[in-house]
Amino acid sequence: MKRNEADVTTAVAPAARSLGASDRCDRCGAQAYLRVELQSGGELLFCAHHAREHGDKLREIAATVVDETDKLTTTRPSAPAEER
Ligand SMILES: [Zn+2]
């Protein structure tokens with residue numbers, strides 16, 4: 001298999017999973033809007049509240065941070081996600 005060299009420039013995982021209603025904050029069980037992939041390989045989920053509360057600390061230990069807290073203002077929980 002040949003790989004297109006133009007695709008190798010990004011360190012972001014190509015199949016970054018977006019967060020959904022089944023993703024729950026590890027702290028309080030509310031719907032998660034922040035996903036943190038740790039450098040150690042683990043994964044943490046936080047609601048918008050705890051994302052704000054722990055955000056600085058999380059970014060120190062995170063390999064990747066998926067922040068979808070902006071969805072809070074644009075999407076209702078019951079509405080289907082707008083894909084595009
Ligand atoms: Zn929470």
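In this predicted model, leucine 34 touches Leu19, Leu44, Leu45, Phe46, Ala51, Leu58, Val65, Val66 and Asp67, leaving aside residues up to four places away in sequence. Leu34 also belongs to the largest nonpolar core, whose nine residues are Cys25, Leu34, Val36, Leu38, Phe46, Cys47, Ala51, Leu58 and Ala62. Both β1 (34–38) and α1 (48–61) supply at least two residues of this core, and β1 gives the most, with three residues. In soluble globular proteins, nonpolar side chains tend to be buried together.

Two members of that core, Cys25 and Cys47, are also donors of the zinc ion, alongside Cys28 and His50; the donor atoms, SG of the three cysteines and ND1 of the histidine, lie 1.9 to 2.4 Å from the metal. The site is tetrahedral, with angles of 106 to 118° among its four donor atoms, and along the chain the donors follow the spacing C-x2-C-x18-C-x2-H. Cysteine 25, in the segment before β1, and cysteine 47, in the loop between β2 (43–46) and α1, are 22 residues apart and thus link distant parts of the chain; both cysteines are buried.

The structure holds four salt bridges, among them the following.

| Salt bridge | Closest N to O |
|---|---|
| Arg35 – Glu37 | 2.7 Å |
| Arg35 – Glu43 | 3.2 Å |
| Arg59 – Asp67 | 3.8 Å |

Arginine 59 is partly exposed at 46% relative accessibility, as is aspartate 67 at 39%. Shared partners join Arg35, Glu37 and Glu43 into one network, in which arginine 35 is buried, with a relative accessible area of 3%, whereas glutamate 37 at 26% and glutamate 43 at 40% count as partly exposed.

How values were computed:
Residues are numbered from 1 along each chain as its sequence is written. This is a predicted model: local features need pLDDT of at least 70, side-chain atom pairs count only at pLDDT 80 or more; totals for chains, interfaces and linings use all residues. Side-chain values use heavy atoms; hydrogens and water are left out. A nonpolar core is a set of buried Ala, Val, Leu, Ile, Met, Phe, Trp, Tyr and Cys residues joined through side-chain atoms within 4.5 Å. Buried means under 20% relative accessible area, exposed over 50%, partly exposed in between (1.4 Å probe, protein chains only). Helices (H or I, at least four residues) and strands (E, at least two) are DSSP runs, numbered from the N terminus. Contact means heavy atoms within 4.5 Å. Donors are N, O and S atoms within 2.8 Å of the metal (3.2 Å for Na, K and Ca); water is not among the atoms, so sites may look incomplete. Four donors count as tetrahedral if all angles lie between 85 and 135 degrees; four count as square planar and six as octahedral if opposite donors are over 155 degrees apart and all others between 65 and 115; anything else is irregular. A salt bridge is a side-chain nitrogen of Lys or Arg within 4 Å of a carboxyl oxygen of Asp or Glu.
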